[in-house]
Amino acid sequence: MPAIEKLLRLHKVEQQLRGLRSRIDSAQRYLDAQSAQLADLNTRHEALLGQVRQLEATSHNQETELGAIDDRIAKLREQLNSAKTNKEYSAFLTEMSTLKDDRSAVETQALEAMGQIDDLKAGVEEINEQIAERTKICEIAKAQRDEREQEVKDRLDELQVERDDAAKDVPGDLIAIYEHLATQDVEDAMAPLEEHSRRSMEYACGSCQMMMPMEVISVVLGKGAPTQCVNCGAFLYMEEQLRESMMASKK
């Protein structure tokens, strides 16, 4: 068997492997996308909870501060009643007025903090619902991925054996070039010659559509040494139907 046919046999098995793996890969990409969205929701959830905890701590400090101010105002009221001089009475009254202003400011801040806490908690609940929904989607996506893996597992194993067997028949230097091309795109590692005009002898690479010189066409037609496209590097081959037609026209 000519080397190009051995390479083509390997290529066809590789295409089947790629086709089956693409089914799993597409399911995996969908799962990864859903998992990424779930991770983002969890990050946002933790950030909101952190803000809630911080505001709750601030609110607790404000309540403590309000309690201390109220205690001080209560003491000042007692001191007002027992003031012995106008100066002393005036000092107690001034301090009480200042404390009332301070209390009003702290109370306003506390109310704002409580409002923010309520808003954040509402946001947390909303994200909780989104997390629950996205978690279900992830579970379904994972089940679909696992199902596809199971569906094609046996066939993948069979094709891998075929692939390894086919690779053994291909000369080492040739398979090294092929595998390098296949890492970029297995579909473009080999390409059929496409007939554009037999009368004008116009034949193009099936991958990049570059017109091939006559000497390349002759080598491919005669199943000679494996030949690569001068433009994209794909190994060229000729479909049997076209080969038979060309050979018949020569007779």
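Which helices each supply at least two residues of the lining of the largest pocket? That's where I'd like to start today. The answer is α1 and α5, the second of these being residues 240-250. Before I go on, please keep in mind that this is a predicted model.

Okay, so the pocket. Its volume comes out at about 150 Å³. From α1 we get 4 of the lining residues, and that's the biggest share from any element. Going round the wall, you'll find I4, E5, L8 and K12, then V220 and K223, and then Y237, M238, E239, E240 and R243. If you sort that lining by class, you get 5 nonpolar and 6 charged residues, with no polar ones.

Now, the cavity. The structure holds 1 cavity of 30 Å³ or more, and the volume of the largest cavity is about 40 Å³. Its lining is I4, V219, V220, K223, G224, A225, P226, T227 and L236. By class, we're looking at 6 nonpolar, 2 polar and 1 charged. You may recognise some names here: I4, V220 and K223 line the cavity, and I4, V220 and K223 also line the largest pocket.

Let me stay on one of those cavity residues, T227. Where does T227 sit? You'll find T227 in the loop between α4, residues 214-221, and β3, residues 235-237. Is T227 buried or exposed? Its relative accessible area is 15%, and the cut-off for buried is under 20%, so T227 counts as buried. The T227 side chain reaches the backbone oxygen of A225, at 2.9 Å. Setting aside neighbours within four places in sequence, T227 is in contact with V216, V219 and V220 on one hand, and A234, F235 and L236 on the other.

F235 gets us to the cores. F235 is among the residues with the most contacts inside the largest nonpolar core, along with L7, L10, V170, Y178 and M190. That core has 16 residues. At least two residues each come from α1 (3-81), α2 (86-169), α3 (172-185) and β3, and α3 gives the most, with 5 residues. As a bit of background, nonpolar side chains tend to be buried together in soluble globular proteins.

Take V170 as a way into that core. Not counting residues up to four places away in sequence, V170 touches K6, L7, L10 and I175. There's also a second, separate core, with 15 residues, and L193, M212, L242 and M246 are included in that one.

Next, a couple of backbone oddities. Most residues other than glycine have a negative phi. M201, which isn't a glycine, has a positive phi of about 55°. M201 lies in the loop between β1 (190-197) and β2 (202-205), and it is partly exposed, at a relative accessible area of 29%. The other one is Q209, again not a glycine, with a positive phi of about 70°. Q209 is in the loop between β2 and α4. At 38% relative accessibility, Q209 counts as partly exposed.

Last stop, helix α2, where we find Q109. Q109 is partly exposed, with a relative accessible area of 42%. How far apart are the C-alpha atoms of Q109 and R145? They're separated by 52 Å, for two residues that are 36 apart along the chain.

That's my tour, and I'm happy to take comments.

Key
Residues numbered from 1 in each chain as written. Predicted model: local features only at pLDDT ≥ 70, side-chain atom pairs only at ≥ 80, totals over all residues. Heavy atoms only, no water. Buried < 20%, exposed > 50% of the residue type's maximum accessible area, 1.4 Å probe, protein only. Polar contact = N/O pair within 3.5 Å; in protein donor to acceptor, adjacent residues only side chain to side chain. Contact = heavy atoms within 4.5 Å. Core = buried A, V, L, I, M, F, W, Y, C linked by side-chain atoms within 4.5 Å. 1 Å grid on protein atoms, 1.4 Å probe; cavity = no way out; pocket = protein on both sides within 12 Å on 5 of 7 lines; lining within 4 Å. Points joined across faces, edges and corners; volume = space filled by probe spheres on them. Nonpolar A, V, L, I, M, F, W, Y, C, P; charged D, E, K, R; others polar.
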